[in-house]
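Hi everyone, thanks for coming. I have one structure to walk you through today, so please take a look at it while I talk.

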Amino acid sequence: MYNKTKTTAPKMPLGLGRRKKASPLVENEEAEPIRAGLNVPGLGGLDGGRVSLGEGAAHEGLPPPPISLRPRLIFHTQLAHGSPTGRIEGFSNVRELYAKIGEAFGITPTEVMFCTLNTHKVDMDKLLGGQIGLEDFIFAHVKGQRKEVEVFKGEDALGLTITDNGAGYAFIKRIREGSIIHQIQVINVGDMIESINGQILIGCRHYEVAKMLKELPKGKTFVLKLVEPLKAFDMISQRSGSKSGSAQLGTGRGTLRLRSKGPATVEELPSAFEEKAIEKVDDLLESYMGIRDSELAATMVELGKDKKNPDEFAEALDETLGDFAFPDEFVFDVWGAIGDAKVGRV
């Protein structure tokens, strides 16, 4: 199944790195992470909280927490294309979650591509990231049809936003309307990128895949091997992804936050100040870097809300999110946005 096109797409520049470490975000093919491995201190307690997931493999020297330390929370789950309802518990990160889903339905964990919350459709606004509402229903999207697509890169930008599931699979989160990829109807939001020109990408992070797509020579044809999620008959593919804007996931009293270091924690829902600050920071992420990522924005607000000055905030960002190499002007604007949200708090 091959498609060729010579349509063009405009460039979407990202911010310039301010630190020695190069930014993993690339100029045109955007990388938008699922914040599955955030290590932000949480608030304890089960009344009105949220819980978060880690990224799978624990960091060296930090073995997975014992089951006795993990929240005793039970979630309902189904396979997105249709299945009986299963019950899962006792997980602290994305890989453990996929393993529990595999046990519940008799499939291997590697069959799970990603999960959505409270909908069986491929809805990127409801993508499970680092947090699960205590009353959220988890739908697991598993591997479906494989396809091989030939693409002619007529412009620098292909029009893709890439994310990953925190467990080794990078997939398409958004397709920009009118872009090169948008002209190829067989490529859809939710498709996992298995290889580019024969180079296997299993285990690669979102920014590594995005960088490879950007570095493909213009004016040449390349081959994508994709895996689409198995769909039910009523599932209509979302070609361009959701519109920009933050979406509050979860209908319960709070969320389960999964972590790569330490046990999952139940945390309170964001305050009015935090919600306003997260929205402002998310807008800045889009303005500077061409991505929207409410989980990343929430982490930045968490890091900055108690800092006394921009220097302390910048240092905290370097320690926790140093790979992004945020430019100085962006850090200053984020600090200002958090301050504005504080002033607006009654």
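Let me start with a question: of the 346 residues of the protein chain, what percentage count as buried? The answer is 53%. Please keep in mind that this is a predicted model, and that goes for everything I show you.

Staying with the whole chain for a moment, the secondary structure comes to 6 helices and 14 strands. About 15200 Å² of the protein chain is exposed, and carbon and sulfur atoms supply 51% of that area. As for contacts with a separation of 6 or more, 72% of them join residues that sit 24 or more positions apart.

Now, on to the helices. Two packed helices are described by the angle between their axes and the distance between the axes, and I have two pairs to show you. Both involve α6, which covers residues 328-343.

First up is α4, residues 294-304. Its axis comes within 10 Å of the axis of α6, and the two cross at roughly 75°. Because angles of 65 to 115 degrees count as roughly perpendicular, α4 is roughly perpendicular to α6. Which residues in α4 meet α6? They are M300, V301 and G304, and on the α6 side you will find F330, V334, W335, I338 and K342. By class, this contact has 6 nonpolar, 1 polar and 1 charged residues.

The other partner is α5, residues 310-321. Here the axes are 10 Å apart, and the helices pack at an angle of about 115°. That makes α5 roughly perpendicular to α6. If you like handedness, the crossing of α5 and α6 is right-handed. From α5, the residues involved are P310, F313, A314 and L317, and they meet V331, F332, V334, W335 and I338 in α6. This contact divides into 9 nonpolar residues, with no polar and no charged ones.

If you want to follow this on the screen, find V334, W335 and I338: these α6 residues are among those that meet α4, and they are also among those that meet α5.

Last stop, a strand residue. E148 is found in β7, which runs over residues 138-152. Is E148 buried, exposed or partly exposed? Its relative accessibility is 26%, so E148 counts as partly exposed. Along the chain, E148 and L226 are 78 residues apart, yet their C-alpha atoms are separated by 6.2 Å.

That's my tour, and I'm happy to go back to any part of it.

Notes. Residues numbered from 1 in each chain as written. Predicted model: local features only at pLDDT ≥ 70, side-chain atom pairs only at ≥ 80, totals over all residues. Heavy atoms only, no water. Axes fitted to C-alpha atoms, helices over the stretch in contact; angles between N-to-C directions. Helix = DSSP H or I, 4+ residues; strand = E, 2+ residues; numbered from the N terminus. Parallel < 35°, antiparallel > 145°, perpendicular 65-115°, else oblique. Contact = heavy atoms within 4.5 Å. Nonpolar A, V, L, I, M, F, W, Y, C, P; charged D, E, K, R; others polar. Left-handed = near helix turned anticlockwise from the far one by under 90°. Buried < 20%, exposed > 50% of the residue type's maximum accessible area, 1.4 Å probe, protein only. Areas by Shrake-Rupley, 256 points an atom, 1.4 Å probe, with all protein chains shown as cover.
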